[in-house]
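Trainee: Before we look at the model, could we agree to go through the terms one by one, and set each value against its cut-off?
Mentor: Gladly; ask why a word is used, and we will work through the reasoning together.

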Amino acid sequence: MKNSGEVSRVAKSLVGTPYAFQQRSSEYGCDCLGLVLLIGWELELFNFDIKGYGKAVSHQLKDGIEKHCDTLPKIKAGALVLFEINNVPQHCGIITHYRGGWGLVHAYENVGQVREHSLINWWKDKICGVYALPNVNYD
């Protein structure tokens, strides 16, 4: 069992990784889900992958996450968060401690790489799920 701080540490180590849709590589790039999977694989938390999701409106991302992760009652460092954009769950990231508050590490297509920044209200308002990664202690 790993602790949530280890999840945050690995997430932060991937900042700067290029954005690449449906990829799973710290060298060549990843998308938002690929980032979460890279963290899990590096920490040996799990060995699954979630495939078949697209950029079109669907619930494949949420369904895949909920198949493998348990819901958490509130935001915690190291938690996986799912965001609803245009009323569809279609983006995810990892919560961190950042500059005295909550932060977000995510592979962000609009900036072309994995970034960490404050979890501002714009992002908070879009959270539609908070999840525990398998084999992580969030106490």
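Trainee: Which residues does Leu80 touch, not counting residues up to four places away in sequence?
Mentor: In this predicted model, Leu80 touches Val36, Ile65, Cys69, Cys92, Gly93, Ile94, Gly129, Val130, Tyr131 and Leu133. These count as contacts because heavy atoms lie within 4.5 Å.

Trainee: What makes Leu80 stand out in the largest nonpolar core?
Mentor: That core has 43 residues, and Leu80 is one of those that touch the most other members, together with Val7, Ile39, Ile65, Cys92, Ile94 and Leu133. Helix H1 (4-13), H2, H3, S5, S6, S7 and S9 each supply at least two residues of this core, and the largest share, 7 residues, comes from H2.

Trainee: Why is helix H2 called largely enclosed?
Mentor: Buried means under 20% relative accessible area, and 9 of the 11 residues of helix H2 (residues 32-42) are buried, so the helix is largely enclosed by the rest of the structure. The buried residues are Cys32, Leu33, Gly34, Leu35, Val36, Leu37, Leu38, Ile39 and Gly40. Just after H2, Glu44 takes a positive phi of about 55°.

Trainee: What makes S5 and S6 a pair of strands?
Mentor: Two strands pair if at least two bridges are found between them; 6 bridges join strand S5 (residues 80-85) to S6, and the two run antiparallel, so the criterion is met. Within this pairing Leu80 stands opposite Ile94, while Glu84 stands opposite Pro89. The hairpin of S5 and S6 has 2 residues between the strands, and Asn86 takes a positive phi near 55° there.

Trainee: How many bridges join S6 to strand S7?
Mentor: There are 5 bridges between S6 and strand S7 (residues 101-108), which again run antiparallel, and His97 stands opposite Trp102 in S7. In the hairpin of S6 and S7, with 2 residues between the strands, Arg99 takes a positive phi near 50°. Strand S6 (residues 88-98) is itself mostly covered, with 9 of its 11 residues buried.

Trainee: What is the order of the strands in the open sheet, and which are its edge strands?
Mentor: The open sheet of 6 strands has the order S4-S9-S5-S6-S7-S8, with antiparallel pairing. Its edge strands are strand S4 (70-71) and strand S8 (113-118), as each pairs on one side only.

Trainee: Which strands of the sheet do H2 and helix H3 touch?
Mentor: H2 packs on the sheet and touches S5, S6, S7 and S8, its direction making about 50° with that of S6. Helix H3 (residues 60-68) also packs on the sheet, where it touches S4, S5, S6 and strand S9 (127-132), and its direction makes about 55° with that of S6.

Trainee: How do you know whether Arg24 is buried or exposed?
Mentor: Arg24, placed in strand S2 (residues 24-25), has a relative accessible area of 17%; the cut-off for buried is under 20%, so Arg24 is buried.

Trainee: What makes the pairings of the Arg24 side chain with Asp31 and Asp49 polar contacts?
Mentor: The limit for the N or O atoms is 3.5 Å, and the side chain of Arg24 reaches that of Asp31 at 3.3 Å and that of Asp49 at 3.1 Å. Leaving aside neighbours within four places in sequence, Arg24 is also in contact with residues including Leu33, Gly34, Leu37, Leu38 and Trp41.

Definitions and conventions. Residues numbered from 1 in each chain as written. Predicted model: local features only at pLDDT ≥ 70, side-chain atom pairs only at ≥ 80, totals over all residues. Heavy atoms only, no water. Buried < 20%, exposed > 50% of the residue type's maximum accessible area, 1.4 Å probe, protein only. Helix = DSSP H or I, 4+ residues; strand = E, 2+ residues; numbered from the N terminus. Axes fitted to C-alpha atoms, helices over the stretch in contact; angles between N-to-C directions. Polar contact = N/O pair within 3.5 Å; in protein donor to acceptor, adjacent residues only side chain to side chain. Core = buried A, V, L, I, M, F, W, Y, C linked by side-chain atoms within 4.5 Å.
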